[in-house]
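Subject: Structure for you to look at

Hello,

The structure we talked about is below. Please open it beside this email and follow along as you read.

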Amino acid sequence: MEHHELKHWIAFTRVPYIGTVRLRLLVNHFGKLSGAWRASEGDLREAGLDERTTRSVLRHRNRIDPDAELALLERHSCSAITWNDSEYPARLKEIDDAPPVLYLKGELLPKDERSVAVVGTRRVTAYGREVTHRLSTDLANSDVVVVSGLASGVDGIAHRAALEAGGRTVAVLGNGVDIVYPHQHARLAEQIAENGAIVSEHPIGTKPKAEHFPRRNRILSGITLGTLVIEAAESSGALITARHALDQNREVFAVPGSILSPGSRGTNALIQRMEAKPVHKHEDILEELNLSFVGAQIEMAALFPASDDESNVLFHLSQEPTHIDEIIRGSGMTISVVSSLLAMMELRGLVRQVGGMNYVRV
């Protein structure tokens, strides 16, 4: 997205009461958020904003400088993408409450679609520590991206294990990407940004607050194929992530623990209620998600977009059939280019034609 528009998306994330639903109203009414930023009170109400939100926009846009917001982002060596950008994770865009803007330190890649969230308690036991390290290492060695929340305990162990195995890992935060919480994970955060990405829906400078983390968890589950819970007490935040995953129709996995351990009551309950599939080894996850490790690089490359143009085409596809004309209009490419790309991607198993020049993502 061009800077002129992006800065207004960023500015709107600073305005209280503007979330996913109200931002969609503005986009649908004005087309571009730069127009919404300059709109009159009457135009904002006509777009569907209630009185409280309209007042909030009018009051805060006098205090927020979109150009300064963009400069702040660049000063912290961060970036931002909106749900209109091809880099925005396609799987995350499918959830009901997808964040309009994602702030990044590092880079999201197409291969990050092949990912699993690994979550659990901060008060990890020796058993949980060993299980987390082993499963995260094995997942990374199978070219699965490990996603977690950078918290103490299971999260930190999962990130480190993936990095030590030479894999990619993504951290989803409940604060701005310029702030590391907890502070002792400062070096770990640097390594994640160098070998993956740090992601947040909160603008630069946002401090961690308790109410941010339950909502953060919907991104953890929404961006991944499935969620693995390792050691969670009955009131653990990891169970919130599992609940989000179930609501988003994602797979949930849990590691069985001792019936005598309070830290395993949550995971055991997930299995007992048949809300999570028990995991004894990483192959249990790979098999359930129809993932398999492909040793040869050339075979592995076939699973992911080979160019920005292929990523652009995939961005305009979903599990619902999309006609080639819609792909052409959305991508901005010519019919010959799109036809050629679709033919190559179908050969590699990335897309499938379902008749009448309609295509779906595989």
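**What was found**

Strand 3 (residues 115-120) and strand 4 (residues 145-148) run parallel and are joined by 3 bridges. One place to find this pairing is Ala117, whose bridge partner in strand 4 is Val147. Please keep in mind that this is a predicted model.

**The sheet of 9 strands**

Which sheet does this pair belong to? Strands 3 and 4 are part of an open sheet of 9 strands with mixed pairing, in the order 1-2-6-5-4-3-7-8-9. Its edges are strand 1 (79-82) and strand 9 (277-278), each of which pairs on one side only. As background, strands of a sheet pair through backbone hydrogen bonds, either parallel or antiparallel.

**The sheet of 3 strands**

There is also an open sheet of 3 strands, with the order 10-12-11 and antiparallel pairing. Strand 10 and strand 11 are the edge strands, and each pairs on one side only.

Strand 10 (residues 322-323) is joined to strand 12 (residues 358-361) by 2 bridges, and the two run antiparallel. Across this pairing, Thr322 faces Tyr359, and His323 faces Asn358.

Strand 11 (residues 351-355) pairs with strand 12 over 4 bridges, again in the antiparallel sense. Here Val351 stands opposite Arg361 of strand 12. Strands 11 and 12 form a hairpin with 2 residues between the strands, and Gly356 in this hairpin has a positive phi near 65°.

**Two helices with many buried residues**

How many residues of helix 1 (residues 3-12) are buried? The count is 8 of 10, and the helix is mostly covered. The buried residues are Glu5, Leu6, Lys7, His8, Trp9, Ile10, Ala11 and Phe12. Their cover includes helix 2 (20-30), helix 3 (33-37), helix 5 (51-60) and helix 6 (66-75), as well as strand 1 and strand 2 (101-106).

Helix 9 (residues 154-164) is largely enclosed by the rest of the structure, because 9 of its 11 residues are buried. The buried residues are Val154, Asp155, Gly156, Ile157, Ala158, His159, Ala161, Ala162 and Leu163. Strand 3 and strand 4 are among the elements that cover them, and the cover also includes helix 8 (126-141), strand 5 (169-172), helix 10 (186-194) and strand 7 (226-230). After helix 9 comes Gly166, with a positive phi near 80°.

**Backbone details to check**

Most residues other than glycine have a negative phi, and most peptide bonds are trans. The residues below are worth finding with that in mind.

- Tyr17 is not a glycine, yet its phi is positive, near 75°. Tyr17 sits in the loop between helix 1 and helix 2. With a relative accessible area of 38%, Tyr17 is partly exposed.
- Asn249 also has a positive phi without being a glycine, near 60°. Its loop lies between helix 12 (237-247) and strand 8 (251-254). Is Asn249 buried or exposed? Its relative accessibility is 73%, so Asn249 counts as exposed.
- The peptide bond from Tyr181 to Pro182 is cis, with omega near 0°. Pro182 belongs to the loop between strand 5 and helix 10.

**One residue towards the end of the chain**

Met344 is part of helix 18 (residues 335-347). Met344 is partly exposed, as its relative accessible area is 44%. Between Met344 and Glu310 there are 34 positions in sequence, and their C-alpha atoms are 9.5 Å apart in space.

**The protein as a whole**

The protein has 18 helices and 12 strands. What radius of gyration would a compact globule of 362 residues have? The expected value is near 21 Å, and the protein has 21 Å, so the two agree. The C-alpha atoms fill a box of roughly 60 × 50 × 40 Å along the principal axes.

Of the 362 residues, 53% count as buried. Among contacts with a separation of 6 or more, 70% are between residues 24 or more positions apart. The accessible surface is about 16700 Å², and carbon and sulfur atoms make up 50% of that. As for charge, there are 40 positive and 46 negative side chains, and the centres of the two sets are 6 Å apart.

Regards

Definitions and conventions: Residues are numbered from 1 along each chain as its sequence is written. Side-chain values use heavy atoms; hydrogens and water are left out. Two strands pair if DSSP finds at least two bridges between them. The radius of gyration is taken over C-alpha atoms; the globule rule is 2.2 Å times the number of residues to the power 0.38. Buried means under 20% relative accessible area, exposed over 50%, partly exposed in between (1.4 Å probe, protein chains only). Contact means heavy atoms within 4.5 Å. Accessible areas come from the Shrake-Rupley method with a 1.4 Å probe; for residues, only the protein chains shown count as cover. Lys and Arg count as positive and Asp and Glu as negative; His and the chain ends are not counted. The place of a charge is taken as NZ of Lys, CZ of Arg, CG of Asp or CD of Glu.
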